[in-house]
Amino acid sequence: MYQVEASKALLKPRLWARQSARLRVPRNVIMLGTVSLLTDISSEMVATVLPMYLIFSLGAGPLVFGAIDGTYRGSAALVQVLSGFSSDRWRRHKEVAGLGYGLSAFGKVALVAAGNTVGGVGAIVAVDRVGKGIRTAPRDALISLSSAKDRLATSFGVHRAMDSVGAMLGPLIAFGILFLAPARFDAVFVVSTLFAVLGLAVLILNVEGRPQRAPREGAPPRLRAGLSLLKDRSFAPLLLAAAGLSIASVSDALIYVGLQRTIDFDPAVFPLLYVMTAISFMALAIPVGQLADRVGKVPVLIGGQALLFLVYAVLLMSSVGYLALAVCLVALGGYFAATEGVLTALAGAVLPDDLQASGIGILITVVSLGRLVSSVAFGALWFAIGLQSAVLVFAVALAVALVAATPLLLRAQRAPANG
Amino acid sequence: MGSRSGRIMLGLIAGCLLVGAGYVVAAALGPDGTTTEARPQTAGAVLADAHLMVRAVDPANPRLNGRVYEIDGGKVQKRSGDLACERVYYAGGRGICMGVAPSGVDYRAQIFDSRLRPVDELALTGFPSRARVSADGRYGATTVFVSGDSYLQAPSAFSTRTVILDLRSGERVGQLEQFAVTKDGKPFDAVDFNFWGVTFVPGDSNRYYATLGTGGDHYLVEGDLPTRSMRVLRDGVECPSLSPDGSQIAYKSRLGDGEHWRLRVLDAATLADHAVAETRSIDDQVEWLDDRTLVYAYGDDLYTVPASGSGAPQLLVRDASSPVRLEAST
């Protein structure tokens, strides 16, 4: 091993040059990452203070907050399929994504101007979520179309890492403002609006709407072509595998609650679980993406899914120390880094160039429906047979899903696009 | 294209920085947004010999922390210095003031002494709901609403956390969600257990009653602190409150599945119960003014009603909540 290291050192200058060449990420991806970073700062600032604002300043009862929170989560559902197909059809990914970012920015302005009633806040939150639903598929299609096919996973890794930096900074900035100006939620909303406007400006001014792989010639795709993706030789197996894996994966929110019940730590440290997972994700997203471009997306995806077994194992332990907790959270971050972005990259590689946004929109919807099924099933199992038995059932389900998904994913990867 | 869009971006960033920083600085220099200086108003003849501690409510903004006032024989006196709360309770020389922390984004519970000086402080993990102190001032209980850990993430599923505090040491004794529960002599447990509304037994601060919510049921439980155990007594009782002599329990009884309640009183020994004359929906943990009279918040005001079921509700204090019975004037 020592010798290998030594000979590596001799090769270092050349290796380094090759490595940095491989690290190069298209400018458009960096710009889209910047848009997401700024927009996530803006959204997370609001999401962080919204419960407090509703209950404390508007005098809403906790139940009202619960209902609005549900709107927040639920209203993005099927919008993304529609926006994905429209942006392919019109060949206007940037403009459709811009509409989504614009709606969210408008929501922040509305919060400043008219967010002083509970109903108003509910409507604004719904608009914000619809905006998110609209922008996701065309934005991911732009990332994909801006990247060479053998560097897709790196591009998505870079974008997701930048995105999560924004999600981390948002709450910090919001708390910083409220520390300086106690209970002045309006100041948080104003600053959040400014970040949303900056994000939109970067999109308009710096993102190229027709990147290198964007289709320019031939007839725009018809709805039938979009629908036929569902039986496409390479994309259909990918969808099936994604659905199975997402159903067999316990959602992170439930994992945190499970950990809390298992570990019996001070509830005040609960937010730290999210932070540790996010840091692990941020650190791993780019290297894992590079790895996926080098050794193949499928093995990385399967390996990342398998990291969930570690998480399940910790949930099954009768007493969990801080070391096991740390391992669990790092594994959880690694699982996120190796799955969502890599899966989208695989879809980008498999999908024909003129149906990128449609396919990605379908994929996101399938995965989020799978997660919903998983959450409801896990909750019901937890209630019926207890946490540990429910985790065991999900561990078995995950093993089955992995065995079934691997050949499907390999088939998707092998089959030529548009075949 | 590069330089022109670059200049526009630079201009935008500079403009946003200026506007954002300016707004935050102006907000920081403005008045504190967490606390109101509102003042309760006594209302009429009912007051006679009532001796209470209350929290002031600003009707324009009822969720702001309110100052603590003492009402004695119709006189309203401000008692607190810096103390401002969303919910307050006091007994036996120790009090709990639950409210928004100065940051405006966290909640805290302050423990205070007989001169209303804070002696200890604990972080709360959610929105203040109920506070109680045992008659001897030894133990306290706080209930908060917590969002985001409902296991199904159902939109309206909110959970509560109830913590027992040792008010001398300032330590947590435990969280009710972690205590053992029995029902009909058998162990009773479910993931969706929520506890709220503790009331301590006068004369025996190791014992208490509380509400256990699970599924659609709201059980009255009787708890024992040293053994960290509780047993289910009966269904349909929320926010129990023991009378000063310990013989009766006032509580709110849910109508249907909604957020509507009626006040009722039950006999602690026989568990037989009856309604009181208040027919509006009351969402409060009732306080006893004496062994015959209940006091509670409705809207932004405090009302009394006889515990016997006779009579009618009467307005006691305007712009106040969180009523606390105080012993005879000192």
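Tutor: Let's begin with a yardstick: the expected span of a helix is 1.5 Å times one less than its number of residues. The model here is predicted, so to speak of local features needs pLDDT (the predictor's confidence in each residue, from 0 to 100) of at least 70, side-chain atom pairs count only at pLDDT 80 or more, and totals for chains, interfaces and linings use all residues. Residues are numbered from 1 along each chain as its sequence is written, while chains are lettered from A and ligands numbered from 1 in the order in which they are written.

Student: How far does helix H5 of chain A reach from its first C-alpha to its last?
Tutor: Helices (H or I, at least four residues) and strands (E, at least two) are DSSP runs, numbered from the N terminus. H5 of chain A covers residues 93–114, which is 22 residues. Its expected length is 32 Å, and the model comes close to that, at 31 Å.

Student: How many helices and strands does each chain have?
Tutor: Chain A has 16 helices and 0 strands. For chain B, the count comes to 1 helix and 28 strands.

Student: What share of the residues in chain A is buried?
Tutor: A residue is buried if 20 or more other C-beta atoms, placed from the backbone, lie within 10 Å of its own, exposed if 12 or fewer, and partly exposed in between. In chain B, with 330 residues, 45% are buried. In chain A, with 419 residues, the share is 53%.

Student: Which helix gives the largest share of the largest nonpolar core?
Tutor: A nonpolar core is a set of buried Ala, Val, Leu, Ile, Met, Phe, Trp, Tyr and Cys residues joined through C-beta atoms within 7 Å. The largest has 131 residues, and Val49(A) and Leu346(A) are among those with the most contacts inside it. Its largest share, 16 residues, comes from residues 322–350 of chain A, that is, helix H14.

Student: Which residue of chain B does Val49(A) touch?
Tutor: Two residues are in contact if their C-beta atoms lie within 7 Å. Leaving out residues up to four places away in sequence, Val49(A) touches Ala174(A), Leu178(A), Phe185(A) and Val188(A). The partner from chain B is Val105(B).

Student: Which helix gives the most to the side of domain 1 of chain A that touches domain 2 of chain A?
Tutor: An automatic or database assignment sets the domain bounds, giving 27–208 for domain 1 and 222–419 for domain 2 of chain A. Their C-alpha centres lie 23 Å apart, and the contact takes 31 residues from domain 1 and 30 from domain 2. Helices H4, H6 and H7 of chain A each supply at least two residues of the domain 1 side. With 12 residues, the most comes from H7(A).

Student: Is Asp184(B) buried or exposed?
Tutor: Asp184(B) sits in the loop between strands E14 and E15 of chain B, and has a positive phi of about 50° although it is not a glycine. Because just 7 other C-beta atoms lie within 10 Å, Asp184(B) is exposed.

Student: And Ser322(B), buried or exposed?
Tutor: Ser322(B), found in strand E28 of chain B, also has a positive phi, near 55°, without being a glycine. Because there are 28 C-beta neighbours inside 10 Å, Ser322(B) counts as buried.

Student: Where in chain A is the pLDDT below 50?
Tutor: Chain A averages a pLDDT of 85, and 86% of the residues score at least 70. One stretch falls below 50 and has 0 contacts beyond near neighbours in sequence: residues 1–17.
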